[in-house]
Amino acid sequence: MPRPVVDSPAPVLPARQPSPRARRLTVAALGVCVAALLAALVTVLVHVNAASAGATSALTADAGHIPEGTIVTLHDSDVPAIARLDPALLTALRQAEADAVADGIPSFHVTSGWRSPGYQQWLLEDAVERYGDHDIASQYVATPDKSQHVTGDAVDIVPLDAQLWLIEHGARYGLCQTYANERWHFELATPPGGVCPDMKPDATA
Ligand SMILES: [Zn+2]
């Protein structure tokens with residue numbers, strides 16, 4: 001039986017193949033690119049994680065953060081920002097507050113007390129971002145190694161009436177405004193009944 005004749009297709013010339021060496025090089029180059037991309041991705045993810053973890057841990061009550069709008073008084077002993085203040089400072093502030101209230105001044109609210117070094121660093125970086133300049137930022141926010149808040153030796157008090165009362169009468173209790181540009185910031189800076197030292201112009205002093 002004759003075999004059916006099949007038109008043989010035109011021979012297809014094989015496409016010009018890269019040499020095995022070129023192929024190996026291409027595969028190697030692709031590998032390097034993928035590895036580099038993965039490394040970059042990992043770096044970005046690690047950074048994002050670190051940034052959010054840093055921001056989160058810097059802004060917790062345990063780090064001394066008091067969220068805006070939260071009312072914290074000198075009697076909130078379970079709040080770390082209050083609990084970790086120097087006991088002598090806290091005692092002086094409570095005595096001052098009692099006398100101020102007797103004078104018709106509203107009770108003192110603490111907007112910031114003790115702060116962890118991490119929280120202080122966060123505040124500094126936040127200020128640098130806000131002012132766009134490290135030197136200007138450091139006039140308002142001290143570095144963690146210099147801040148009296150980090151050692152528990154400073155409080156920021158509101159409202160304005162309380163600030164003005166403390167500026168006038170605080171020395172009786174040893175309490176002084178220590179920075180000319182921070183009317184709300186008080187430290188123990190003189191023996192009770194003494195005279196407050198000259199104010200430093202700002203936190204860079
Ligand atoms: Zn302060």
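Me: Which residues coordinate the zinc ion?
Reply: In general, one reads a metal site by listing its donor atoms. In this predicted model, the zinc ion is held by three residues: NE2 of His149, OD of Asp156 and ND1 of His185, at 2.0 to 2.1 Å. Water is not among the atoms, so the site may look incomplete.

Me: How are the donor residues of the zinc ion spaced in sequence?
Reply: The spacing is H-x6-D-x28-H. Put with the names, that pattern runs from His149 through Asp156 to His185.

Me: Are histidine 149 and aspartate 156 buried or exposed?
Reply: Histidine 149 and aspartate 156 are both buried. The word has a cut-off: a residue counts as buried because its relative accessible area is under 20%.

Me: Aspartate 156 is a zinc donor; which side chain does aspartate 156 meet in a salt bridge?
Reply: The partner is arginine 115, with 3.3 Å from N to O. This pair links distant parts of the chain, 41 residues apart. Aspartate 156 belongs to strand β2, while arginine 115 sits in the loop between β1 (109-112) and α4 (117-131). Arginine 115, like aspartate 156, is buried.

Me: How many salt bridges does the structure hold?
Reply: There are 2. Besides the pair just described, the side chains of aspartate 126 and arginine 130 meet at 3.1 Å, N to O. Here both partners lie in helix α4, 4 residues apart, which is about one turn of the helix.

Me: How is the accessibility of aspartate 126 and arginine 130 read?
Reply: Again by cut-off. Aspartate 126 has 26% relative accessibility, so it counts as partly exposed. Arginine 130 is exposed, because its relative accessible area is 55%.

Me: Now the interior. What is the general idea behind a nonpolar core?
Reply: In soluble globular proteins, nonpolar side chains tend to be buried together. In this structure the largest nonpolar core has 25 residues. Those with the most contacts inside this core are Phe108, Val110, Val155, Ile157, Trp165, Leu166 and Leu175.

Me: Which helices and strands each supply at least two residues of this core?
Reply: They are α2 (80-83), α3 (87-102), β2 (155-158) and α6 (160-169). Helix α3 gives the most, with 6 residues. For one residue of the core, take leucine 166: leaving aside residues up to four places away in sequence, leucine 166 touches Ala96, Phe108, Ile157, Leu175 and Phe186. There is also a second, separate core of 7 residues, including Ala63, Tyr119, Leu124 and Val141.

Me: Which residues make the nonpolar surface patch?
Reply: Tyr131, Ile136 and Tyr140 make this patch of about 260 Å². Tyrosine 140 is part of helix α5 (residues 134-140). With 39% relative accessibility, tyrosine 140 counts as partly exposed, because that value falls between the buried limit of 20% and the exposed limit of 50%.

Me: What else can be read in helix α5?
Reply: Aspartate 135 is found there too, and aspartate 135 counts as exposed because its relative accessibility is 55%. Residues apart in sequence can also be compared by C-alpha separation. The C-alpha atoms of aspartate 135 and threonine 204 are 8.5 Å apart, although 69 residues separate them along the chain.

Me: Where is threonine 178, and what does threonine 178 touch?
Reply: Threonine 178 lies in the loop between β3 (175-177) and β4 (185-188). A loop position does not by itself settle the accessibility. Threonine 178 is buried, because its relative accessible area is 8%. Not counting residues up to four places away in sequence, threonine 178 touches His185, Glu187, Ala189, Met199 and Lys200. Of these, His185 is one of the zinc donors.

Me: Which peptide bond is cis?
Reply: The bond from valine 158 to proline 159 is cis, with omega near 0 degrees. Proline 159 is placed in the loop between β2 and α6.

Me: How does one summarise the whole chain?
Reply: Begin with the secondary structure, which comes to 6 helices and 4 strands. Along the sequence the pattern is α-α-α-β-α-α-β-α-β-β. Next come the totals: 32% of the 205 residues are buried. The accessible surface is about 12800 Å², and carbon and sulfur atoms account for 62% of this area. Lastly, of the contacts between residues at least 6 apart in sequence, 55% join residues at least 24 apart.

Definitions and conventions:
Residues numbered from 1 in each chain as written. Predicted model: local features only at pLDDT ≥ 70, side-chain atom pairs only at ≥ 80, totals over all residues. Heavy atoms only, no water. Donors = N, O, S within 2.8 Å, 3.2 Å for Na, K, Ca; no water. Buried < 20%, exposed > 50% of the residue type's maximum accessible area, 1.4 Å probe, protein only. Core = buried A, V, L, I, M, F, W, Y, C linked by side-chain atoms within 4.5 Å. Contact = heavy atoms within 4.5 Å. Patch = residues over 30% accessible without salt bridge, like charges linked within 9 Å, V, L, I, M, F, W, Y side chains within 5 Å. Areas by Shrake-Rupley, 256 points an atom, 1.4 Å probe, with all protein chains shown as cover. Salt bridge = Lys/Arg side-chain N within 4 Å of Asp/Glu carboxyl O.
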